[in-house]
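Visitor: I'd like to see how the labels on a model like this get decided. Could you take me through a few?

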Amino acid sequence: MIEIVGIGEDFDRWQDLLALIMASFAYMDGVIDPPSSAHRLTPENLAEKARAEIAFMVRDGDELLGCLFCRPEPPASLYVGKLCVSPKAQGKGIGKLLLQQAEALARELALPALRLETRIELLSNHAKFAAWGFVKTAENAHAGYDHTTSIEMTKFLG
């Protein structure tokens with residue numbers, strides 16, 4: 001049975017979660033520049049990230065299908081990061097389920113919007129997020145780059 005749950009203090013499958021993120025982000029390798037920050041994740045700093053932020057996972061029994069990390073940015077938004085869905089579970093509504101959870105959290109925290117960043121090269125991501133109600137709100141460049149490397153997208157909650 002597919003369920004979404006918070007990643008709490010009792011979670012101990014950091015290596016499995018890291019493997020999920022790496023598998024989900026693998027299609028970006030050789031496509032985006034600079035490389036994904038996912039390559040700098042370890043089980044240890046992933047656990048630290050989960051303690052510092054609000055994290056959720058989707059699972060089917062013991063199988064991890066997706067995850068999402070959220071960081072409140074009062075008073076403007078809830079930042080959504082490391083949204084990922086297992087390649088074999090894509091197209092089954094897992095991403096939408098995670099974003100609905102983020103929306104519920106934003107409303108609970110009285111934050112009026114969700115905010116995320118996606119790489120400039122990932123046009124299919126731009127389209128998917130737009131279909132979910134996000135609009136482009138900024139262009140950014142990573143340190144050391146003189147051109148746009150990512151776009152910021154925001155979903156204003158009604």
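Guide: Sure, and let's start with a cut-off: a disulfide is a pair of cysteine sulfur atoms within 2.5 Å. Keep in mind that this is a predicted model.

Visitor: How do you know that Cys70 has no bond to Cys67?

Guide: Cys67 holds the closest cysteine sulfur to that of Cys70, but the gap is 10 Å, so that's too far for a bond.

Visitor: And what makes Cys84 and Cys67 fail the test?

Guide: Their sulfurs are 3.3 Å apart, which is still too far for a bond because the limit is 2.5 Å. The count for the structure is 0 disulfides.

Visitor: Why is Cys84 called buried?

Guide: Buried means under 20% relative accessible area, and Cys84 has 3%, so the label fits. Cys70 is at 0%, so it counts as buried too.

Visitor: What makes Lys155 count as buried?

Guide: Same cut-off: 17% is under 20%, so Lys155 gets the label. This lysine lies in strand S7 and touches Glu103, Pro112 and Leu114, among others. A polar atom of its side chain lies 3.0 Å from the backbone oxygen of Trp132.

Visitor: How do you know that the buried residues of H1 are on the same side?

Guide: The buried set includes Trp14, Leu17, Leu18 and Ile21. They cover an arc of only 155° around the axis, so they're on the same side of H1. In general, an α-helix has 3.6 residues a turn, so residues three or four places apart point the same way.

Visitor: What do the buried residues of H1 pack against?

Guide: Helix H2, strand S3 and strand S4.

Note on methods. Residues are numbered from 1 along each chain as its sequence is written. This is a predicted model: local features need pLDDT of at least 70, side-chain atom pairs count only at pLDDT 80 or more; totals for chains, interfaces and linings use all residues. Side-chain values use heavy atoms; hydrogens and water are left out. Buried means under 20% relative accessible area, exposed over 50%, partly exposed in between (1.4 Å probe, protein chains only). Helices (H or I, at least four residues) and strands (E, at least two) are DSSP runs, numbered from the N terminus. The arc is that of the directions from the helix axis to the C-beta atoms. Contact means heavy atoms within 4.5 Å. A polar contact is a pair of N or O atoms within 3.5 Å; within protein, one must be able to donate a hydrogen and the other to accept it, and residues adjacent in sequence count only if both atoms are side-chain atoms.
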